[in-house]
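Biologist: I'm new to reading models like this one, so could you take me through one part of it slowly? Plain words, please.

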Amino acid sequence: MAIEPALSTHLPGAFSGAALRPDFAVFDTPTRSGKRLVFLDAAASSPKPRSVVDAMADAYSHHYANVHRGIYELSEDATARFEAARGKVAAFLGAPSRREIVFVRNATEAINLVAYSWGRTNLRAGDRMVTTQLEHHANIVPWQQLTREVGATLDYVAITDDGRLEMDDLRAKLAAGPKLLAVAAVSNALGTINPLAEIIGMAHEAGALVLVDAAQAAPHMPIDVAALGCDFLAISGHKMLGPSGIGALWGRRELLDAMPPFMTGGSMITRVTLDGAEWNEVPFKFEAGTPAIVEAIGLGAAIDYLTNLGMGAVREHERYLFERAWPALGEIPGVRRLGPDDPATHAGVISFVLDGIHPHDVATVFDSEGVAVRAGHHCAQPVMLRYDIPATTRASFYVYNDLDDVEALSSAVRATQMLFAG
Amino acid sequence: MDNLYRDFILEHYRNPHNKGTLDPHDLHFADSNPTCGDEMSMTLRLDDSRSAIAEVAFDGRGCAISQASASILTDGLRGQRLDEVRAMNPKDLLDELGVPIGPARLKCALLAYKVLQGAVQGGEVAWPAEAEAVS
């Protein structure tokens, strides 16, 4: 169902976040403390628009049967809707073919698929691969497991004091001849936008394939795998207005074709005898068992919603909010912000520390003000280690946020400081 | 919430009792809260009977709830017999804090209890059922 984006009230080319709130049922209800919900935790998982919930209810109610199996109308209908969702993901990511889209549970599973299937086939003892200190645990732990198992070496690219990748260090790590570079498009912990095109160019020149963890980027800015030239890219549906339990791996066709299955069972075969089995073609080779049919359809509806707004406009909108929130927090004494200053390299994520107040306490006081933020290590403990802090408080913007939320963030910071100053 | 950060909790946080490390000590244990990475250690000295606590100190960094909880818990330990400490009910500590602790913060409130039990039982103990958000 088509959603007409609200017209801009403050920025040419973008939209009003406040005007989108009625699209999200979660904003109908005030918080326990009777306040308006100020939701600043999309980076963990985003609220869902009514159109996504409705599309899923409609699919379950009227179009549900198993896919790729039944020779009857309902199954053909479900299959067509499921495959149409795959097509939406392909278009959203700029993939040349929808056959290059593998449905998985989330970006974590997408990365694990590559680590198990490509990694255990292509990485050998003595080989190297590279990731970075900026990554989410999902883009570190699978590679630690892989390299330990096959006897390969995992190198980490260092990060600067302001949360950017050390490009000289990247150059040095690539010079050692790694087979793969696994890197985030946007840091979930700090909001850093990595210079992907440059990084991918450098990696390919050094002969390494590139896996991009786009879990934190795809919901917030245009992604075009063909233009980027990467080799694998992982996304999670639940961070981009879609349901949990669905995500996607995009991979270049020839790579996917050459890779063995990750999980085996039904649907992913063409023929099974008591002696063995033959694999189905991609993407079905990687989709064993009944998939998350309705979740895929829900993800398709989320992509419709985002595409209607325009991903360029979504990025502009979040940049607009960041450009106001970043200095607003900066001028409050006792606030330490992490990540780059330049709004061109910083997504709508602000990670900060308040002097003398633990992030958990910050988030609890914020909660009493109706402001939902994340406090913790954000599944990026190596980042916390780099700055010698146990945790940060993180506010993250999305389409429904607006200047009133930026103000709520600043006042919540002041309220917290006041309480603890006692 | 303003309940959660009542003056006496904030007072214990700002000026924690029994903070530091006893050297030498008879018992020691350190542990962390996996949800936030907070770390806490506890050192204890036993009295001449070797069956009761003479002195205790905790150290580490963490939120107001975990620090105040450790301050309050350690305050009551001097003179306590080890078997009493081992049988301690975590509910008593939550009661003593006297503030409503939401499910997301229970581990903060009970980290000190877990570290203490690790020290007096000679090794890591599981989180008490009271620390689980789902019960």
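Let's zoom in on two strands: over how many bridges do strand 1 and strand 2 of chain B pair, and in the parallel or the antiparallel sense?

Modeller: Before we start, this is a predicted model, where local features need pLDDT of at least 70, side-chain atom pairs count only at pLDDT 80 or more, and totals for chains, interfaces and linings use all residues. Residues are numbered from 1 along each chain as its sequence is written, while chains are lettered from A and ligands numbered from 1 in the order in which they are written.

Now your pair: strand 1 and strand 2 (residues 38–46) of chain B run antiparallel to each other, over seven bridges. Strands here are DSSP runs of E at least two residues long, helices are runs of H or I of at least four, and both are numbered from the N terminus. Two strands count as paired if DSSP finds at least two bridges between them. Want one bridge to look for? Find Asn33(B): its partner in strand 2 of chain B is Asp38(B).

Those two strands belong to an open sheet of three in chain B, ordered 1-2-3, with antiparallel pairing. Strand 1 (27–33) and strand 3 (53–61) of chain B are at the edges with a single partner strand each, so each has one side without a neighbour in the sheet. From one strand to the next, the twist averages 15 degrees.

Next, look at what lies across the sheet. Helix 5 (residues 106–121) of chain B lies across strand 1, strand 2 and strand 3 of chain B, at about 150 degrees to strand 1 of chain B. For such angles, axes are lines fitted to C-alpha atoms (for helices, over the stretch in contact), and values run from 0 to 180 degrees between N-to-C directions.

Let's step back to the whole of chain B. Here, 14 residues of chain B are in contact with 16 residues of chain A, contact being C-beta atoms, placed from the backbone, within 7 Å. On chain B, the side touching chain A has eight nonpolar, three polar and three charged residues. In that count, Ala, Val, Leu, Ile, Met, Phe, Trp, Tyr, Cys and Pro are nonpolar, Asp, Glu, Lys and Arg are charged, and the others, Gly among them, are polar.

How sure is the predictor about chain A? Its pLDDT, the confidence in each residue from 0 to 100, averages 95 for chain A, and 97% of the residues score at least 70. Over residues 1–9 of chain A, though, the pLDDT is below 50.

Terms used. Two residues are in contact if their C-beta atoms, placed from the backbone, lie within 7 Å. pLDDT is the predictor's confidence in each residue, from 0 to 100.
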